[in-house]
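Visitor: Could you walk me through a few local features of this one?
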Amino acid sequence: MMYFSRWKTAGILAVCLLGILVCLPNLLPRSAFPSWLPARQVNLGLDLRGGSYLLLEVDTTALLRERLESMVEGARRGLTQANPRIGYTNLRAEAPERRVSFRLTNPAQRDAAIRIMRDLGLEVSLGAGQTASDLDVQANADGLVTATVTEPGLRARAGNAVEQSIEIVRRRIDETGVADALIARQGANRILVQLPGLEDPNRIKQLLGRTARMTFHLLDDTANVTAPAPPPGVMFLNGEQEGQRYAVRRRVEVDGANLSDARAGQDGRSGEWVVNFTFDSIGTRRFADVTRQNVGRPFAIVLDEKVITAPVIREPITAGRGQISGNFNVRSANDLAVLLRAGALPAPLTVIEERTVGPELGADAIRAGIISLTAGALFVFLYMGLAYGLFGWFANVALLINIILVMSCLSLLEATLTLPGIAGIVLTLGTALDANILINERIREEVQNGRSPLNAMEAGYARASGTIMDSNLTNLIAMGCLYAFGSGPVKGFAVTVAIGTIVQMWTATVLTRLLMMWWYRTTRPKELPVLQRPGLSLLGRLARPLFRIFPDGTRIRFMKGAKIGLLTSAILSSASIAGAFWPGLEKGIDFKGGIVMELRTPGPADLGSLRGAASGLNLGDVGVQQFGDASTVLLRMPAPDDEAQVQPVVNRVRTALEAASPGLRVLRVEAVGNRVSDELFLGGMIALGLSLLAMLLYIWFRFEWQFAIAAIATLVLDTTKTIGFMVLFQLEFNLTTIAAILTVIGFSANDKVVVFDRMRENLRKFKQMPLEELTDLSINETMNRSLGTSMTLLLSALPLAIFGGDALSGFAWVMVFGIVVSASSSVFIAAPIVLYSGRNRLRRPEKADAKAGAAPPATPA
């Protein structure tokens with residue numbers, strides 16, 4: 001096992017060198033590389049470089065409404081123009097039933113009416129090359145005719161609308177010049193838009209929120225616009241000026257989809273800003289026909305159900321060009337031109353979730369992340385070097401390569417690095433050393449058992465490999481569940497930790513073994529530097545462990561306190577569950593919805609003035625508090641019930657606050673609708689539940705059922721106590737803390753697996769030792785490994801809590817508490833459960849022999 005051929009050594013070094021080369025492009029700007037060079041880089045997330053995250057939802061109800069309205073208009077035209085004319089009454093659209101219905105005055109004309117309604121159907125694809133109409137037309141003997149939009153037809157229309165909306169959104173954003181925008185479909189009817197580096201997303205939100213469907217209609221001169229309802233075939237629409245109302249015929253004479261270009265410009269006579277447009281060949285012909293046939297009549301230009309202008313046709317317009325005038329300025333004229341060039345959305349888009357971070361806050365986040373990463377790396381490196389000597393320094397070299405390989409993997413994926421992603425790298429510093437600690441403790445144990453240096457190294461790696469695999473797979477299970485049900489940056493955290501876990505298994509078991517083998521071949525030592533030796537030189541002392549967290553040769557009877565441990569845990573977990581209901585968890589915006597704005601004023605903030613300005617809008621209970629220094633303020637308020645009103649509310653609050661405090665800057669905006677928050681909360685709970693279930697099945701598969709039950713029961717108790725800690729200190733319960741809890745679950749399962757693996761090994765080794773003594777022996781043997789891994793995790797998590805800033809402080813403190821709870825629960829909860837549940841199964845009473853001397857001498861792990 002300790003032999004490395006030349007090709008194997010070359011392969012290991014090639015992987016390390018390749019990782020370094022792949023990482024190097026991240027040190028230079030992308031513009032520094034020629035276009036032909038495939039240099040891949042890690043992208044900075046919005047929370048690091050600033051920008052906006054928008055989740056848009058396509059209003060499928062508007063699609064159905066539009067489809068039904070077009071069916072009503074088509075039915076009216078078809079029935080009245082039929083020869084002979086078909087009489088009908090009560091023609092109406094019924095949205096809940098997705099149908100249009102009417103009653104024939106002469107039931108004998110039923111077949112003709114059915115043909116007319118079926119002609120209104122559209123072909124939709126059913127898959128496998130099959131198509132069908134999107135209408136199901138029925139008629140009964142009484143003359144009632146119904147045309148129902150089918151479910152496949154509605155799904156196909158919604159799917160096409162989402163795909164078309166994505167393309168139109170992309171065109172609109174490209175027209176504004178925003179670089180590196182990410183636009184992707186999410187779910188059935190949602191679109192994810194990420195706009196890095198965008199300081200003020202209001203203009204983009206306004207552009208994306210407008211349907212921008214432009215149509216040309218004739219006005220109905222005979223209709224009374226003061227009537228409560230329009231006559232058939234007519235709709236009442238408002239104009240640009242207050243009080244303006246027009247009677248517009250529903251028939252679309254020319255559709256804006258036939259525009260080929262639209263540009264902002266100034267009218268040569270009046271100097272006002274206008275939008276000049278040009279039709280394609282179809283639009284030009286249709287526009288010429290309409291204007292030729294209706295000279296002297298008003299012709300309305302309608303944009304999103306509002307009449308922009310309604311000029312009288314003076315003469316036929318055959319050139320295919322026109323002009324839209326109104327109360328435009330340079331920005332509004334350019335925005336309308338952008339909308340018309342990009343095309344109309346097939347259905348309205350609603351911003352149901354927004355997360356905006358200013359570049360100033362992003363720079364602070366980068367600084368906090370670098371400080372946390374540097375401090376965590378320094379603490380962990382020193383601990384490993386001082387606690388394990390030369391082999392600890394080898395582990396540090398492997399850890400450095402591990403970080404480089406993680407960054408190279410993220411670069412190859414062109415992943416987006418977020419603040420939670422940096423937290424994942426920091427935690428990798430702690431978890432990556434777990435395998436090295438296991439190996440070093442095993443080698444130390446084999447040396448104390450009298451093996452030669454080479455045999456001790458071989459046995460140490462061989463015996464630790466199974467435990468390393470088991471413990472890391474439990475962590476991957478937790479990260480897999482988090483990725484499957486997480487959202488946004490939390491997915492990035494899961495990916496980073498998962499990549500780090502996989503890479504560290506390679507660096508710990510392969511790279512450190514190569515380093516040890518090089519050292520052994522060079523020095524040919526008579527003993528390995530794993531035991532403390534007094535009287536050595538300074539260099540000799542640094543090559544050996546300087547301290548042990550847990551003394552060697554201990555025989556502590558942990559199981560004497562088993563009942564007290566279980567009772568204490570039950571009381572604490574019960575109190576935590578009660579606290580989760582009252583006073584309850586402090587849910588963050590992810591899980592309860594609402595609007596959060598972080599603001600910075602030029603001088604010390606006047607909280608009363610800002611609170612009064614926001615409360616005066618009557619938008620619900622508004623909370624305003626100082627956040628950090630005296631000039632930074634955090635505002636919280638509930639989200640409106642109607643998700644379509646979330647963005648208008650954000651804009652109203654922003655305007656009111658800027659008026660109350662001139663010079664105010666908005667550093668961060670988070671707006672989450674109630675429906676989205678419910679979905680995020682459900683996803684988080686499913687991730688927790690599935691991770692526990694997956695670990696139960698895995699441990700059950702790898703160990704006896706007693707170990708699986710003990711592990712899951714302990715993980716549930718650890719989770720409840722962690723929730724109790726959050727209730728006690730009022731830490732926000734959000735997606736980030738869900739990630740922390742799942743990381744704690746992964747580490748806790750990891751720790752239990754190590755103890756269980758040693759218990760199973762000792763069950764085979766000491767067949768007559770009483771189970772209680774065997775449990776104590778296994779805990780004593782693995783205590784240094786458990787405390788060592790806990791220490792490396794604590795040393796990496798504490799800098800996050802201290803330097804990570806407000807965004808990660810809750811995450812880090814949950815991690816710190818969870819590490820302490822998990823380490824103690826392995827001894828006082830998991831082991832006692834195995835003891836009591838397996839007393840008659842893992843060790844039969846008749847085989848137990850409590851004779852003096854039955855227990856072997858204790859050997860440290």
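Guide: What follows covers cysteines, cis peptide bonds and one loop residue. This is a predicted model, in which local features need pLDDT of at least 70 and side-chain atom pairs count only at pLDDT 80 or more, while totals for chains, interfaces and linings use all residues. Residues are numbered from 1 along each chain as its sequence is written, and side-chain values use heavy atoms, with hydrogens and water left out.

Visitor: How many disulfides are there?
Guide: With a disulfide taken as a pair of cysteine sulfur atoms within 2.5 Å, the count is zero. Cysteine 23 is in no disulfide, and the nearest cysteine sulfur, in cysteine 409, is 8.7 Å away, which is too far for a bond.

Visitor: And is cysteine 23 buried or exposed?
Guide: Cysteine 23 is buried, at a relative accessible area of 13%, whereas cysteine 409 is partly exposed at 27%; buried means under 20% relative accessible area, exposed over 50%, and partly exposed in between, with a 1.4 Å probe and protein chains only.

Visitor: Switching topic, which residue does asparagine 83 join through a cis peptide bond?
Guide: Asparagine 83 is joined to proline 84, with omega about 5°, and proline 84 sits in the loop between helix H3 (60–81) and strand S3 (88–94), where helices (H or I, at least four residues) and strands (E, at least two) are DSSP runs numbered from the N terminus.

Visitor: What about glutamate 305, what is its phi?
Guide: Phi of glutamate 305 is near 65°, a positive value in a residue other than glycine, and glutamate 305 is exposed, with a relative accessible area of 66%.
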